[in-house]
Amino acid sequence: MKAKTNIRTALLFATVILAASCGAGKGPKTAEPAPKAANEAALVGVAKAGYREVAHTETYSSTVTANAVNNIAPQTGSRIQKINVEVGDFVRKGQVLAEMDRLQLDQARLRLVNDSTELSRTRELYREGAVSQSDFEALELAYKVSRSTYDNLLENTILLSPVNGVVTARNYDRGDLYGMSQPIFVVQEISPVKILVGISESDYSKIRKGDQVSIKADALPGKTFSGRVNRIYPVMDAASHTVTIEVIVPNADKALRPGMYAQVEVNFGTSNSIVVPDIAIVKQQGSGQRFVFVVGEDGTARSTAVTLGRRIDNEYEVLSGLSEGDVVVTKGSASLRNGDKVRIAE
């Protein structure tokens, strides 16, 4: 009997130990949060769609080019006697850049002086009837040929700058024999400069000669230049569907230089359009479709497809899909589905 009592005591003790071990490490049980009710309205931020003036501007990338590029060289090969300017020098129109060998020029000058003297003497004799008309006309023709030859040699011996510009290349030194392979100088006119811009065919009808544009150069941060449309090319590029316009920039301070990368902003006018905040626009997954959630009077959010126009800072122009006064969701749209009930945050 005592043995049975001991066995029952041992079993009771083991049961107590097992119960204690099973409860070890567990804290007090906490209540799980109640699931969200299926018909609970989501809290959202909203804004009203409304009309305002929208500037129709486009920005195009291009490169600054010189208004004129002149290759300075004589018509024939000869020895270079003088070099008067260097690369980087600013030159004036008519300034002497270089002088070639003068032998032929001096010979032509002597011939011109002789023919001029002979013509003057013969003119007096012709008036007195001592010289026939044919002889006088022959001398007059000889003088004109001498004058033309001298003027041509002068132009090709004393090399002048045809524009106000800057020397961008010098390919020969004093004493070199000009071999007609490349120009002696390259002079570029950089005041003004011009920029060629490709305008899309959809905007072709909106651009006019004389329209003002603004230009920014990456190399000159913080500076904005004003230019105007000087020429609209007569044909459209069939591959890119763009038409080229020529923009002239005065560049009086010569800050813009040929080769600089430029951003040209063209204003095609303004329109009165519906505008909404950009955060109201939702992109449909797997497509390029854009839509917004419009909150109805019953507090229901319905997705509405929209056609977007230009982006203006943190807003979008809406071409179709919305009406003035529509209440669109701006915050909380990520978790919304079409037809969800919403509450508008104060």
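Is the crossing of helices H2 and H3 left-handed or right-handed? Keep that in mind; we will get there.

Some ground rules before the tour. This is a predicted model, where local features need pLDDT of at least 70, side-chain atom pairs count only at pLDDT 80 or more, and totals for chains, interfaces and linings use all residues. Residues are numbered from 1 along each chain as its sequence is written, and side-chain values use heavy atoms, with hydrogens and water left out.

Now the overview. The protein has three helices and 18 strands. Both kinds of element are DSSP runs numbered from the N terminus: helices are H or I with at least four residues, strands are E with at least two. There are 346 residues, and 33% of them count as buried. Buried means under 20% relative accessible area, exposed means over 50%, and partly exposed lies in between, with a 1.4 Å probe and protein chains only.

Next, contacts, meaning heavy atoms within 4.5 Å. Take those with a separation of 6 or more: 72% of them join residues 24 or more positions apart.

Let's start with strand E1, residues 42-48. E1 runs parallel to strand E18, residues 340-344, and three bridges join them. Two strands pair if DSSP finds at least two bridges between them. Ala42 stands opposite Val342 in E18. E1 also pairs with strand E17, residues 327-331, this time antiparallel over four bridges. There, Ala47 has Val328 as its bridge partner.

On to an open sheet. Three strands make it, in the order E3-E5-E6, with antiparallel pairing. Why do E3 and E6 each have one side without a neighbour in the sheet? Strand E3 (80-83) and strand E6 (158-160) stand at the edges with a single partner strand each, so one side of each is left free of a neighbour. From one strand to the next, the twist averages 20 degrees. E3 is joined to strand E5, residues 96-100, by three bridges. One pair to find on screen: Ile83 and its bridge partner in E5, Ala98.

Now look at what lies across this sheet. Helix H3, residues 133-157, lies across E5 and E6, at about 70 degrees to E6. Axes here are lines fitted to C-alpha atoms, for helices over the stretch in contact, and angles run from 0 to 180 degrees between N-to-C directions.

H3 also packs against helix H2, residues 103-128, at an angle of about 155 degrees, with the axes 8 Å apart. H2 and H3 are therefore roughly antiparallel to each other. The cut-offs: under 35 degrees is roughly parallel, over 145 roughly antiparallel, 65 to 115 roughly perpendicular, and the rest oblique.

Back to the opening question. The crossing of H2 and H3 is left-handed. That label applies if the near helix is turned anticlockwise from the far one by less than a right angle; clockwise is right-handed.

One residue in H2 is Leu110. Leu110 counts as exposed, at 53% relative accessibility. Its C-alpha is 9.5 Å from that of Ser146, 36 residues away along the chain.

Last stop: strand E16, residues 315-320. E16 pairs antiparallel with strand E12, residues 261-277, over four bridges. Ile274 stands opposite Val318 in E16. Strand E15, residues 300-312, also pairs antiparallel with E16, over four bridges. Here Thr307 has Ser320 as its bridge partner. The hairpin of E15 and E16 has two residues between the strands, and Asp313 takes a positive phi near 55 degrees.
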